[in-house]
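User: I should like to learn how the terms used for a protein model are justified. Please set the values against their definitions.

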Amino acid sequence: MRFSQSFIPTLKETPAEAEVISHQLMLRAGFIRKLTSGIYSYLPLGLAAIRKVEQIVREEMNRAGAQELLLPMVQPAELWEESGRWQKYGPELLRFTDRHERQSCLGPTHEEVITDLVRKNIHSYRRLPLNLYQIQTKFRDEIRPRFGLMRGREFIMKDAYSFDADDKGASATYEKMRRAYERIFSRCGLKFRAVEADSGSIGGNFSHEFMVLADTGEDTIVACTKCSYAANMEKARAMESPAPDNIEPKPLEKIETPGKRKVKAVTQFLKISPKELVKTLVFLADGRPVAVLLRGDHEVQEVKLCNLLGVQEVELADDKEVYDITGVPTGYLGPVGLKIPLVADLEVMKMVNFTVGANEKNFHSQNVNPNRDFTVEKSADLRMITAEDCCPLCGAKLELTRGIEVGHIFKLGTVYSKALNACFLDNEGNEIPFVMGCYGIGVSRVVAAAIEQNHDKDGMIFPLPIAPVQVILLNLAGKDDKITAAAESLYQELLADNIEVILDERDERPGVKFKDADLLGIPLRLMVGKSFAKEGKVEIRTRKDGKVTALPLAETTAYVRKIIDQELTSAE
Ligand code: ATP
Ligand code: MG
């Protein structure tokens, strides 16, 4: 590929619309262009990087025994009605009507389509397990598309779906996929972590997210500083604090706290720690009120609350709603005598002689104790874990880091197979629903995440396995024909050795070529210029550490080949 003839529309200025570095750099380096909100054209270099990721994904999925197919993007409403998701999915599902008044949608995911395909074609346990995947453009009408390829409306996903005869088989397939994902992201040359994620009603440790570690990530990961424990915020647990030793419950007391509503104001006024206060928060859980008890210094994790209550959605009630529901102004709520269902975080159930609102304006109650003064319907871990907490497995310190979710594996169980009546016959002739799993990778997001993780002030720094091109060869000849001839012959030699190379033979100053090479993040930069004229040497610079090696032209191709092979295998 010759630079002068390539479609690489680089920009000098950082476009104002781009907030995150990967988006800025992909626009500046001519990798992508926006068509409309959340919808991008992938230009040759952007597409080349995407294709590299796809190829690694494909190889590892095939190695794990999955088979590639390609499903339709347009899906009929009837299938989604069978699964119940036509109603449930919400506005991210782009629905439309065709000329025959048939309702359809653009596929945001393919559980329905694949389950339909399998129920019509697989009838016997002898054909199981089966794992099918595709790499395809998905459409999700995201409410806030942003950050370029990171959260598009149209994006490329690898999605796989597995079908097993029983739970044991499904767990084994899940493990296989987990290992395949570890290999995929290692081979992409990325620093990542697999974290436990919320698996909703399925339960157990059967959902993991794969996070590319980057300070700019949208997600927070809780990870142990010592052992391998890691989870996302929705799932993270912590070591429980020890139960207090034999503290005698004291008699309940009402105390005036004029105008003191917030945790900070109340605790300062009463000269107690927030750890000695319990706050009472009213939520609307699928529209129904429930009061949640939490220690003063803790915050609610809403997904945990949804799981405990078995609801889709919880929303904190506003001041007016709280007053309408309880007759008490916010800030003075407490569990004693409250007439709505109560649930509590585990830590609250261990506390003794704590302070709560007295359900009366300007008053709090002290020396409150669970079970004696109030009872809760349920208690569970409901809180957000913080960096102050300790690992639930080994007790060491936890730390919070940021990450970008690039993959998600999930054990589905029989949710879809039951809804769509997808069954096979076991060896005794019984009809059994398939036990399913699904496994996604945001292929286009992986490229953006790789840039978030690997860049400097000059541009991108691609890990070699997913770089759009492995080598950029700069002809720095000016008017020197001998240099041009050498650069041309080296270019041909590299091509003959199947090395991906772009020859920068533009009529530009060296400074411009250096800048562009850095911006594009190409791992190896070869320079034929002054050193060649003086001593016949080609300079080889590695983008990630700026190290320069000078070699005779005759040795250059072999050296480049060696580095490439090393980088490709060391990532495995
Ligand atoms: P998110 O929480 O980021 O919205 P999700 O839970 O909706 O992700 P999945 O349904 O599990 O994502 O999709 C599988 C993978 O597809 C994700 O891990 C992510 O890498 C990618 N992905 C999801 N939504 C987008 C998007 N809008 N743009 C680009 N990639 C996406
Ligand atoms: Mg989403």
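Analyst: At the start of helix α8, a side-chain oxygen of Q301 comes within 2.9 Å of the backbone nitrogen of V303. The model is predicted: local features need pLDDT of at least 70, side-chain atom pairs count only at pLDDT 80 or more, and totals for chains, interfaces and linings use all residues. Side-chain values use heavy atoms, with hydrogens and water left out, residues are numbered from 1 along each chain as its sequence is written, and chains are lettered from A and ligands numbered from 1 in the order in which they are written.

User: What makes α8 a helix, and which residue follows it with a positive phi?

Analyst: Helices are DSSP runs of H or I with at least four residues, strands are runs of E with at least two, and both are numbered from the N terminus. α8 covers residues 302–309. Just after α8 comes G310, with a positive phi of about 65°.

User: Which residues of α8 are buried, and what covers them?

Analyst: Buried means under 20% relative accessible area, exposed means over 50%, and partly exposed lies in between (1.4 Å probe, protein chains only). In α8, K304, L305, C306 and L308 are buried. Their cover includes β14 (278–285), β15 (288–295), β16 (314–316), β17 (342–345) and β20 (378–380).

User: Is K411 buried or exposed, and how do you know?

Analyst: K411 is found in strand β21. Its relative accessibility is 4%, and therefore K411 counts as buried. The side chain of K411 makes a polar contact of 2.9 Å with the side chain of S171. The term applies to a pair of N or O atoms within 3.5 Å; within protein, one must be able to donate a hydrogen and the other to accept it, and residues adjacent in sequence count only if both atoms are side-chain atoms.

User: Why is K168 called buried or exposed?

Analyst: K168 is found in helix α6 (residues 167–187). Its relative accessibility is 71%, so K168 counts as exposed. K168 and G310 are 142 residues apart in sequence and 26 Å apart in space, C-alpha to C-alpha.

User: Why is D116 called buried or exposed, and what does it touch?

Analyst: D116 lies in helix α5 (residues 111–121). At 13% relative accessibility, D116 therefore counts as buried. A polar contact of 2.7 Å joins the side chains of D116 and R119. Apart from neighbours within four places in sequence, D116 is in contact (heavy atoms within 4.5 Å) with L79 and L420.

User: How do you know that helix α1 is mostly covered?

Analyst: Of the eight residues in α1 (residues 21–28), seven are buried. The buried residues are S22, H23, Q24, L25, M26, L27 and R28. Among the elements that cover them are β1 (32–36), α12 (443–453) and α14 (510–520). After α1 comes G30, whose phi is positive, near 70°.

User: What makes a set of residues a nonpolar core, and where does the largest one lie?

Analyst: A nonpolar core is a set of buried Ala, Val, Leu, Ile, Met, Phe, Trp, Tyr and Cys residues joined through side-chain atoms within 4.5 Å. The largest has 66 residues, and M26, F31, Y181, F185 and F462 have the most contacts inside it. Domain 1 (10–237 + 399–452) and domain 3 (469–571) both give residues to this core, so it lies between them. Apart from it lies another core of 25 residues, including I122, L412, Y416 and F434.

User: How is the protein divided into domains, and what separates the centres of domain 1 and domain 3?

Analyst: The bounds come from an automatic or database domain assignment. In addition to domain 1 and domain 3, there is domain 2 (253–380). The centres of domain 1 and domain 3, taken over C-alpha atoms, are 38 Å apart. Their contact takes 10 residues from domain 1 and seven residues from domain 3.

User: Which residues come nearest to ligand 1, and how much of ligand 1 does the protein bury?

Analyst: A residue is near a molecule if one of its heavy atoms lies within 4 Å of it. Of the 14 residues around ligand 1, the nearest are R140, E142, R151, G152 and E405. The largest share of this shell, four residues, comes from β21. An oxygen atom of ligand 1 is 3.1 Å from an N or O atom in the side chain of R445. Taken alone, ligand 1 exposes 580 Å², of which the protein buries 80%; such areas come from the Shrake-Rupley method with a 1.4 Å probe, and for residues only the protein chains shown count as cover.
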